[in-house]
Each structure stands twice: as structure tokens, then as C-alpha cells.
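Okay, thanks for having me, I'll keep this short. Let me put the sequence and the model up on the screen, and then we'll walk through a few spots.

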Amino acid sequence: MNPLLTSGLDAHRGLTALSVNVNLVAQIRNRRPLPFPSVTGLSTTALEAGAQGITIHPRPDQRHIRTHDVFDLAELMTKWPQAEFNIEGNPLHNLMDLLRQLAAQGRAPQQCTFVPDSESQPTSDHGWRFPEDAATLKPLIAEAKSLGIRVSLFMDPLPEMMAAVRDVGADRVELYTESYARAHGTPEQAQVLARFAATAEAALRVGLGINAGHDLNRTNLADFLRAVPGVQEVSIGHALIADTLELGMSETVRAYLRCIHAAAAP
Ligand SMILES: CC(=O)[C@@H](O)[C@H](O)COP(=O)(O)O
Ligand SMILES: NCC(=O)COP(=O)(O)O
């Protein structure tokens with residue numbers, strides 16, 4: 001088997017690893033000055049359920065993940081040595097300082113994902129561009145790697161850019177999958193998937209590992225993984241946390257009704 005297919009964060013039988021993005025947990029928590037839902041608590045639940053990693057994207061405005069979450073999660077991940085901590089962000093904003101501080105504490109994440117978002121962007125919506133971004137990225141990638149952190153670059157499905165990603169020193173690409181998610185179930189799906197597959201093949205040819213993420217969900221994930229070769233890791237947040245709420249509603253309502261019934265009992 002191609003070693004790239006098994007050299008991921010968890011070479012668990014060559015299967016794609018699932019990294020749970022907990023941004024939305026923090027965003028719900030931040031509505032009030034209360035400690036729940038707990039970012040570390042739900043990350044623990046995800047890891048106990050078999051997720052191979054935790055992803056966060058600490059945006060500069062701290063709309064969801066706050067600086068203390070980064071350090072709380074780094075502490076938590078020391079108890080999960082087989083799991084991967086993946087921190088996403090723009091290395092020109094707050095990401096490098098966080099990585100430096102974590103590394104100084106001996107708690108560097110296993111992976112960082114460089115994303116070219118502006119500070120106020122609602123969510124990620126494009127990847128890096130080459131040759132334009134090469135000179136900026138090269139020293140930052142080298143620094144992150146010198147801290148012992150694997151570097152992945154968030155990229156649109158552009159096969160012709162994979163050689164440039166390798167040339168700036170990145171270890172992996174994260175394929176930005178929103179265009180696939182939008183096309184899923186439409187007549188465009190096959191054509192869009194073919195583009196992702198071609199990009200993955202180009203990445204594998206130049207020796208890059210492959211991650212993928214953005215708007216993946218329970219409905220579109222399997223079709224993506226069947227069509228795109230060598231995906232070592234998917235990071236999923238918005239849909240997974242929404243599913244957590246929806247799938248947990250019945251049990252939660254029953255728990256509250258039990259409280260009410262208990263109060264009414266003689
Ligand atoms: C880099 C990426 O793909 C994003 O999906 C990101 O992690 C999500 O960020 P928000 O949760 O802020 O939308
Ligand atoms: N890198 C993508 C990610 O972490 C989660 O994206 P989404 O599932 O919240 O769209």
C-alpha cells in the first residue's frame with residue numbers, strides 16, 4: 001500500500017481519520033458567561049467515542065475559540081497521546097504566536113493548518129494561491145516545522161498547484177470541500193468530484209499528504225471518500241456539532257422531564 005495512505009495522524013488500518021472541529025461548541029458557550037457547553041468536555045466525549053483528533057480555528061476576534069481554549073485543549077491532549085491536535089489559522093495573524101507559546105510549554109500541536117482568511121471573514125472560503133503566496137509562506141512553514149509541527153495548507157482543488165505546495169515545504173494539503181458539498185446531489189457532483197480526485201492524485205504524486213474539510217457532513221462524506229484517493233484526515237465541525245444537538249435532543253428532553261416528575265413526586 002502507498003505509505004502516504006497509512007502515515008496519517010493515526011495509521012488506523014488505512015482509514016481516514018476524523019478530527020472533530022469544536023469551534024461551534026465554543027460559539028454556543030460564548031453566548032453567556034457560563035462554562036458550558038464545555039469545549040474540553042465535548043472534545044473528551046468525541047475522543048472517547050473514537051475520533052482521532054480535535055481541530056480548532058482560533059480566529060483573531062475570538063468569536064468562538066478563545067485563547068484559553070487553545071491552552072486548555074493542549075493540556076487535554078496530553079492525556080490523549082495517540083490523538084492529533086490540529087490548529088487552523090492564518091500564520092500572518094494570531095496562529096504563529098499561539099504555536100510558539102505552545103511549543104515553549106512542550107505542548108505543540110501535532111498539526112497546524114494554514115488558512116488565508118482575513119480577520120473578519122465569516123468562515124473560510126478560499127485556499128492559498130501560488131506563486132503569489134510562496135515567499136510569504138515558506139519561512140512560516142519552516143518555523144512551524146522547526147517547532148515539530150506538521151504543516152498543512154488549505155487549498156482549493158487545483159491540481160496544478162500541488163507541486164508548489166510541496167516546494168514551499170508543506171507536508172499536507174487540506175482540500176477545501178465547500179464546492180463539493182454544494183454540488184453534492186446535483187448533476188455537477190461527478191464533475192466536481194473528478195476535480196478533487198485529480199487534485200488528490202497530483203498531491204500524492206509530489207509526496208504530499210491529504211486532508212479535507214469544510215461543510216462535510218453525514219450525507220456527503222462517504223461519496224467524497226469513495227471518489228478521492230488517499231484522504232488521511234477529515235476535519236468536520238459545523239454539521240457534526242449540529243448533529244450532536246439534534247441527535248441528543250430526545251434524551252435531553254427526557255432528562256429534563258425526569259427532573260420535573262421528580263419534583264412532583266410526593
Ligand atoms: C479552515 C476551514 O475549513 C474552516 O472550516 C474553519 O475551521 C471553520 O471555521 P469557522 O468555524 O469559523 O466557520
Ligand atoms: N477544516 C475544516 C474544519 O475544521 C471544519 O469545517 P466545517 O465542518 O465546520 O465546515
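**Ligand 2 and the annotated site**

So, let's start with the shell around ligand 2: by class it has three nonpolar, seven polar and three charged residues. Keep in mind that this is a predicted model. Ligand 2 is surrounded by 13 residues, and the closest are Asn21, Gly213, Ser235, Gly237 and His238. Which elements each supply at least two residues of that shell? Those would be strand E8, 231–236, and helix H10, 238–264.

Now over to the annotation. An unreviewed UniProt entry puts the feature "active site" at His57, Glu88 and His214. Those three span 158 residues in sequence, but no two of their C-alpha atoms are more than 12.2 Å apart, so they gather at one spot.

Take Glu88, which sits in strand E3, residues 84–89. Buried or exposed? Glu88 is buried, because 26 other C-beta atoms lie within 10 Å. Leaving out residues up to four places away in sequence, Glu88 touches Thr55, Ile56, His57, Thr113 and Val115, and you'll notice His57 from the annotation among them.

His214 is in the loop between strand E7, 209–213, and helix H9, 221–227. His214 counts as buried too, with 23 C-beta neighbours inside 10 Å. With the same sequence cut-off, His214 touches Ser124, Tyr176, Thr177 and Glu178.

Last stop, back in helix H10, where we find Ala263. Ala263 is exposed, because just 7 other C-beta atoms lie within 10 Å. From Ala263 to Pro81, C-alpha to C-alpha, you cover 44 Å in space and 182 residues in sequence.

Conventions. Residues are numbered from 1 along each chain as its sequence is written. Chains are lettered from A and ligands numbered from 1 in the order in which they are written. This is a predicted model: local features need pLDDT of at least 70, side-chain atom pairs count only at pLDDT 80 or more; totals for chains, interfaces and linings use all residues. A residue is near a molecule or strand if its C-beta atom, placed from the backbone, lies within 6 Å of it. Helices (H or I, at least four residues) and strands (E, at least two) are DSSP runs, numbered from the N terminus. Ala, Val, Leu, Ile, Met, Phe, Trp, Tyr, Cys and Pro count as nonpolar, Asp, Glu, Lys and Arg as charged, and the others, Gly among them, as polar. A residue is buried if 20 or more other C-beta atoms lie within 10 Å of its own, exposed if 12 or fewer, and partly exposed in between; C-beta atoms are placed from the backbone. UniProt positions are given in the numbering used here, feature names are shortened, and annotations may be inferred rather than shown by experiment. Two residues are in contact if their C-beta atoms, placed from the backbone, lie within 7 Å.
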